[in-house]
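I sat down with one protein chain and its coordinates. My aim was to look up a few local features and write down what I found.

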Amino acid sequence: MIKEIREKLGRPSNFVANYRRRLLDDQIIKSTNYGEVAFTLPYFKEYVLQQYRFEQGLE
């Protein structure tokens with residue numbers, strides 16, 4: 001999952017790692033398996049997806 005995010009953003013690994021660390025520290029995500037994370041806030045995943053669709057003009 002992390003690799004996919006990095007590729008979609010077109011950013012280097014250290015850029016994604018910095019934001020990943022900040023989200024982990026703020027307990028917004030948690031590490032589940034190697035290279036994977038999960039959202040810890042209820043319905044946050046749905047919110048992020050909704051915002052993405054809105055910004056892309058998909059809704």
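The entries below go from the overall layout to single residues.

**Entry 1, the model.** I noted before anything else that this is a predicted model. I kept that in mind for every value that follows.

**Entry 2, layout.** I looked up the secondary structure and found three helices and two strands in the protein chain. Going along the sequence, I read the pattern as α-α-β-β-α. The C-alpha trace spans about 30 × 30 × 20 Å along its principal axes. I also checked burial over the whole chain: of its 59 residues, 8% are buried.

**Entry 3, helices α1 and α2.** How are α1 and α2 packed against each other? Helix α1 covers residues 2-9, and its axis lies 10 Å from that of α2, at an angle of about 120°. I therefore put α1 down as oblique to α2, because angles from 65 to 115 degrees count as roughly perpendicular and only those over 145 as roughly antiparallel. The handedness of the crossing, where α1 passes α2, is right-handed.

**Entry 4, salt bridge.** I searched for salt bridges and the count came to one. Which side chains form the salt bridge? They are those of D25 and R21, with 3.2 Å from N to O. Both residues sit in helix α2, four residues apart, which is about one turn of the helix. I looked up the accessibility of R21 as well: its relative value is 44%, so R21 counts as partly exposed.

**Entry 5, F15.** I stayed in helix α2 for F15, which also lies there. F15 has 26% relative accessibility and so counts as partly exposed; the cut-off for buried is under 20%. I then took a distance from F15 to K45. The two are 30 residues apart in sequence, and their C-alpha atoms are 21 Å apart in space.

**Entry 6, V37.** Is V37 buried or exposed? Its relative accessible area is 15%, so I entered V37 as buried, because the limit is under 20%. V37 belongs to strand β2. I took a distance here too: V37 and V16 are separated by 21 residues in sequence and by 12 Å from C-alpha to C-alpha.

**Entry 7, backbone at Q27.** I went through the phi angles and stopped at Q27. Q27 is not a glycine, yet its phi is positive, about 60°. I located Q27 in the loop between α2 (13-25) and β1 (29-31). With 61% relative accessibility, Q27 counts as exposed, because exposed means over 50%.

**Entry 8, backbone at Y43.** What is the phi of Y43? I found a positive value of about 65°, although Y43 is not a glycine. Y43 is placed in the loop between β2 (37-39) and α3. Its relative accessible area is 68%, so I recorded Y43 as exposed.

**Entry 9, nonpolar patch.** Last, I looked at the surface. Which residues make the nonpolar surface patch? I found F39, Y47 and V48, and the patch comes to about 260 Å². I followed up on Y47, which lies in helix α3, residues 44-55. Y47 has a relative accessible area of 45%, so I listed Y47 as partly exposed. That value fits its place in the patch, because patch residues need over 30% relative accessible area.

Methods:
Residues numbered from 1 in each chain as written. Predicted model: local features only at pLDDT ≥ 70, side-chain atom pairs only at ≥ 80, totals over all residues. Heavy atoms only, no water. Patch = residues over 30% accessible without salt bridge, like charges linked within 9 Å, V, L, I, M, F, W, Y side chains within 5 Å. Areas by Shrake-Rupley, 256 points an atom, 1.4 Å probe, with all protein chains shown as cover. Buried < 20%, exposed > 50% of the residue type's maximum accessible area, 1.4 Å probe, protein only. Axes fitted to C-alpha atoms, helices over the stretch in contact; angles between N-to-C directions. Parallel < 35°, antiparallel > 145°, perpendicular 65-115°, else oblique. Left-handed = near helix turned anticlockwise from the far one by under 90°.
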